[in-house]
Amino acid sequence: MAPEQRVNAGQTLMAQGASTDQVLVLRAQGSRSPACVKVVGCLENGAEVLYGIRVSGDLVGELAAIRETNRSATVIACTDGAVHRLPKERFLGFLDRHPEAWRVLATMLGDRLDWANQRRLDFAGFPVEQRVARVAVLLAERHGYPIGDGIDLGIELTQEELGKLVGAARESAVKAVRQLRDAGLIRTGYRRIVVADLAGLKACAMIGR
């Protein structure tokens with residue numbers, strides 16, 4: 001494994017359009033909260049899209065390495081954490097020497113494709129409040145951990161970033177979060193969302209029906 005390098009919240013780890021020479025493996029820095037980065041795509045007009053969130057144990061930049069293309073998105077640390085920077089040649093060499101690793105990698109990429117496709121379906125079929133509720137449920141089930149009176153999402157996100165995950169403008173996202181909070185389904189703090197009523201949030205999100 002490559003040496004560990006510590007990173008700080010707000011630090012840009014990869015830049016969209018840059019050449020590919022490394023693949024990152026994300027690591028927590030010994031705290032309860034996982035390492036967390038956001039993957040952001042920027043359009044020519046300055047608009048941003050939040051493609052997804054990656055946490056401890058995830059790979060970042062693997063597709064560009066495999067396809068030998070420039071970076072398709074910018075990766076920014078949301079929390080303090082650590083990364084292992086693997087040279088592209090070392091990463092590809094490992095895959096060639098361990099064919100079973102390709103299946104693990106394909107499964108991971110398939111999961112990310114499923115996530116992206118589900119967000120497109122949600123955008124076509126649900127208003128903003130339900131889209132936010134659906135993403136909150138998924139994040140709670142994937143990354144959350146129980147606290148005394150609810151489930152902490154386990155990652156730090158602003159309400160604007162949560163909105164970008166579901167293709168909503170900041171004002172619409174803030175309104176949706178307020179509606180869910182007023183209904184007693186979630187609680188909010190600085191870059192923090194706690195699910196107070198998971199069953200109720202699932203009902204709002206129409207998950208499990």
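In this predicted model, a search of the whole structure for aromatic pairs returned zero hits. A contact between a charge and a ring is nevertheless present: the charged end of Arg119 is placed over the ring of Trp115, at 4.5 Å from the ring centre.

The largest pocket encloses about 1,200 Å³ of space. Its lining comprises 39 residues, and those closest to the pocket centre are Tyr51, Gly52, Arg54, Arg112 and Ala116. Two or more lining residues are contributed by each of the strands β5 (48–55) and β6 (59–60) and by each of the helices α1 (62–67), α3 (99–125), α4 (128–143) and α5 (159–165). Of these elements, α3 provides the largest share of the lining, with ten residues. In terms of residue class, 21 of the lining residues are nonpolar, seven are polar and eleven are charged. The largest pocket lies between domain 1 (4–111) and domain 2 (126–205), because both domains give residues to its lining.

For the C-terminal part of this arrangement, an unreviewed UniProt entry lists residues 126–199 as "domain: HTH crp-type". Across residues 126–199, helix accounts for 51% of the chain and strand for 19%. The C-alpha atoms at the two ends of this segment are separated by 19 Å.

The second largest pocket holds about 360 Å³ of space. It is lined by 14 residues, and Leu59, Leu86, Phe91, Phe94 and Leu95 are those nearest its centre. The elements supplying two or more residues to this lining are α2 (88–97) and α3. The greatest contribution is that of α2, which gives five residues. Nonpolar residues number eleven in the lining of the second largest pocket, alongside one polar and two charged residues. Helix α3 thus appears in the linings of both pockets: it gives the largest share in the largest pocket, and it is also listed with α2 for the second largest pocket.

Enclosed space was examined as well. One cavity of 30 Å³ or more was found in a search of the whole structure. The largest cavity has a volume of about 40 Å³. Thirteen residues form its lining, with Val7, Ala35, Cys36, Val37 and Gly81 lying nearest the cavity centre. At least two lining residues are supplied by each of the strands β3 (22–27), β4 (36–42) and β8 (81–87). Strand β8 accounts for the largest share of the cavity lining, namely three residues. By class, the lining of the largest cavity consists of nine nonpolar, two polar and two charged residues.

Notes: Residues numbered from 1 in each chain as written. Predicted model: local features only at pLDDT ≥ 70, side-chain atom pairs only at ≥ 80, totals over all residues. Heavy atoms only, no water. UniProt positions renumbered as here; feature names shortened; annotations may be inferred. Helix = DSSP H or I, 4+ residues; strand = E, 2+ residues; numbered from the N terminus. 1 Å grid on protein atoms, 1.4 Å probe; cavity = no way out; pocket = protein on both sides within 12 Å on 5 of 7 lines; lining within 4 Å. Points joined across faces, edges and corners; volume = space filled by probe spheres on them. Nonpolar A, V, L, I, M, F, W, Y, C, P; charged D, E, K, R; others polar. Domains from an automatic or database assignment. Phe/Tyr/Trp six-rings, centres within 6.5 Å; stacked < 30°, edge-to-face > 60°. Lys NZ or Arg CZ within 6 Å of the ring centre and 35° of its normal.
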